Amino acid sequence: MSSASDERCWNGMAKGRYLPEVMGDGLANQINNPEVEVDITKPDMTIRQQIMQLKIMTNRLRGAYNGNDLDFQDASEGGPGAAECPG
């Protein structure tokens with residue numbers, strides 16, 4: 001079904017209809033998008049690391065909310081593998 005707004009799109013050369021099918025949201029749907037190059041076989045490690053950190057923090061915050069004592073290391077104290085000073 002076409003509407004009047006279909007004719008107001010820029011097709012790259014002039015006003016006209018957008019002819020390719022509009023793909024849905026998400027990486028998996030973009031495989032069939034002719035305008036986007038996507039390689040879903042190669043995971044984005046940065047995003048995976050961020051997801052893992054969010055899951056860890058969510059679990060820690062959930063534990064804190066439930067009254068559990070948690071050992072949070074301040075980012076200014078260094079991360080894993082940082083040298084520790086004897087106290």
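Let me start with N33, which sits in the loop between β2, residues 15–16, and α1, residues 45–65, and I should say at once that what we are looking at is a predicted model. Is N33 buried or exposed? Its relative accessibility is 14%, and because buried means under 20%, N33 counts as buried. The side chain of N33 also has a partner, since a polar contact of 2.7 Å joins it to the side chain of Q30.

Now, stepping back to the protein as a whole, there are one helix and two strands, and from the N terminus on these elements run in the order β-β-α. Of the 87 residues in the protein, buried residues make up 6%, and N33, as I said, counts as buried. The accessible surface comes to about 8300 Å², and carbon and sulfur atoms hold 54% of that surface. If we take the contacts in the protein with a separation of 6 or more, then residues 24 or more positions apart account for 0% of them.

Let me finish with the helix, α1. How far apart are the end C-alpha atoms of α1? They are 30 Å apart, and this agrees with what one should expect, because 21 residues at 1.5 Å a residue should span 30 Å. As a reminder for anyone tracing the side chains along it, an α-helix has 3.6 residues a turn, so residues three or four places apart point the same way. After α1 comes G67, and the phi of G67 is positive, near 95 degrees.

Notes:
Residues numbered from 1 in each chain as written. Predicted model: local features only at pLDDT ≥ 70, side-chain atom pairs only at ≥ 80, totals over all residues. Heavy atoms only, no water. Helix = DSSP H or I, 4+ residues; strand = E, 2+ residues; numbered from the N terminus. Buried < 20%, exposed > 50% of the residue type's maximum accessible area, 1.4 Å probe, protein only. Polar contact = N/O pair within 3.5 Å; in protein donor to acceptor, adjacent residues only side chain to side chain. Contact = heavy atoms within 4.5 Å. Areas by Shrake-Rupley, 256 points an atom, 1.4 Å probe, with all protein chains shown as cover. Expected span 1.5 Å × (residues − 1).
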